[in-house]
Amino acid sequence: MAAEVAKILLQASQGDKAAEEKLQQASNAPGFATVLLEVIADFRFHTDARLAAAIYLKNWFPQLWSSKNGSAENDRNFLREGLLPLLCNEQNNAVARQLCLALGGVAAMDSRDPRVLSSLLRAACSSLSPSLLYALRDALRRLEKHKKA
């Protein structure tokens, strides 16, 4: 499944409308977050596919958080648990930047539950390099400004 989604992501990133439609359909299926993280984490996939997956994830997660679908909670939990370790292992700066933005967005969405946010920040402080922490801080600031606007 990850290989198929990686191929569709590449096609969609090149403006293929049919691929964009397939991606939209796939994003409604339970477990799509898992597939995106698999594509991002697998260094055997071309960097462009991994970056496209990270960008799609960053742009897609608000839709996931607003979903009333019961299976969406499993995807939300998977992202809460999987984003930070994935970010810590990422070697490509462009992919890491997108993951930071996604992680900052997830933190902002979950900010209503202080336990989730405090555990995320503790994990971030112990796991990330200073440059990634600054990127995460900047992402959180941008999201906070966006929420106020």
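## Alanine 52 in helix 4

Alanine 52 has its place in helix 4 of this structure, which is a predicted model. Because its relative accessibility is 13%, and buried means under 20%, alanine 52 counts as buried. When its neighbours within four places in sequence are left aside, alanine 52 is in contact with Leu9 and Ser13. Looking towards another part of the chain, the C-alpha atom of alanine 52 is separated by 9.5 Å from that of glutamine 98, although the two residues are 46 residues apart along the chain.

Helix 4 also holds aspartate 48, whose surroundings can be described in a similar way. Aspartate 48 has a relative accessible area of 44%, and it is therefore partly exposed, since this class lies between the limits of 20% and 50%. Measuring from C-alpha to C-alpha in the model, aspartate 48 and alanine 94 are 9.9 Å apart in space, while 46 residues separate them in sequence.

## The overall fold

The protein contains eight helices and zero strands, and when it is read along the sequence it follows the pattern α-α-α-α-α-α-α-α. Of its 149 residues, 39% are buried. Among the contacts that link residues at least 6 apart in sequence, 65% join residues at least 24 apart.

## The largest nonpolar core

In soluble globular proteins, nonpolar side chains tend to be buried together. Here the largest nonpolar core has 39 residues, and those that touch the most other members are Leu9, Ile40, Leu57, Leu79, Leu83 and Leu99. At least two residues of this core come from each of helix 1 (2-13), helix 2 (17-27), helix 3 (32-41), helix 4 (47-66), helix 5 (72-89) and helix 6 (93-109). Helix 4 gives the most to this core, with ten residues.

Leucine 83, which lies in helix 5, offers a view of this core from one of its members. With a relative accessible area of 1%, leucine 83 is buried. If residues up to four places away in sequence are not counted, leucine 83 touches Leu37, Leu57, Phe78, Leu99, Ala102, Leu103 and Val106. For one of these partners, leucine 99, the C-alpha atom is separated by 7.1 Å from that of leucine 83, and the two are 16 residues apart along the chain.

## Glutamine 98 in helix 6

Glutamine 98 is found in helix 6. Its relative accessibility is 13%, so glutamine 98 counts as buried, given that buried means under 20%. The side chain of glutamine 98 makes a polar contact, at 2.9 Å, with the side chain of lysine 58. Lysine 58 also appears among the residues in contact with glutamine 98 once its neighbours within four places in sequence are left aside, together with Leu51, Ala54 and Ile55.

## The second largest pocket

Rolling a probe the size of a water molecule over the atoms shows where empty space is left. In this model the second largest pocket holds about 150 Å³ of space. The elements that give two or more residues to its lining are helix 1, helix 2 and helix 4.

The lining is made of Leu9, Ala12, Ser13, Glu20, Leu23, Gln24, Ala52, Ile55 and Tyr56, and these residues divide into six nonpolar, two polar and one charged. Alanine 52, where this report began, is thus one of the lining residues, and so are Leu9 and Ser13, with which alanine 52 is in contact.

How values were computed. Residues are numbered from 1 along each chain as its sequence is written. This is a predicted model: local features need pLDDT of at least 70, side-chain atom pairs count only at pLDDT 80 or more; totals for chains, interfaces and linings use all residues. Side-chain values use heavy atoms; hydrogens and water are left out. A nonpolar core is a set of buried Ala, Val, Leu, Ile, Met, Phe, Trp, Tyr and Cys residues joined through side-chain atoms within 4.5 Å. Buried means under 20% relative accessible area, exposed over 50%, partly exposed in between (1.4 Å probe, protein chains only). Helices (H or I, at least four residues) and strands (E, at least two) are DSSP runs, numbered from the N terminus. Contact means heavy atoms within 4.5 Å. A polar contact is a pair of N or O atoms within 3.5 Å; within protein, one must be able to donate a hydrogen and the other to accept it, and residues adjacent in sequence count only if both atoms are side-chain atoms. On a 1 Å grid over the protein atoms alone, a cavity is a set of points where a 1.4 Å probe fits but cannot get out, and a pocket is an open set with protein on both sides within 12 Å along at least five of seven lines; lining residues have an atom within 4 Å of a point. Grid points are joined across faces, edges and corners, and a volume is the space filled by probe spheres set on the points. Ala, Val, Leu, Ile, Met, Phe, Trp, Tyr, Cys and Pro count as nonpolar, Asp, Glu, Lys and Arg as charged, and the others, Gly among them, as polar.
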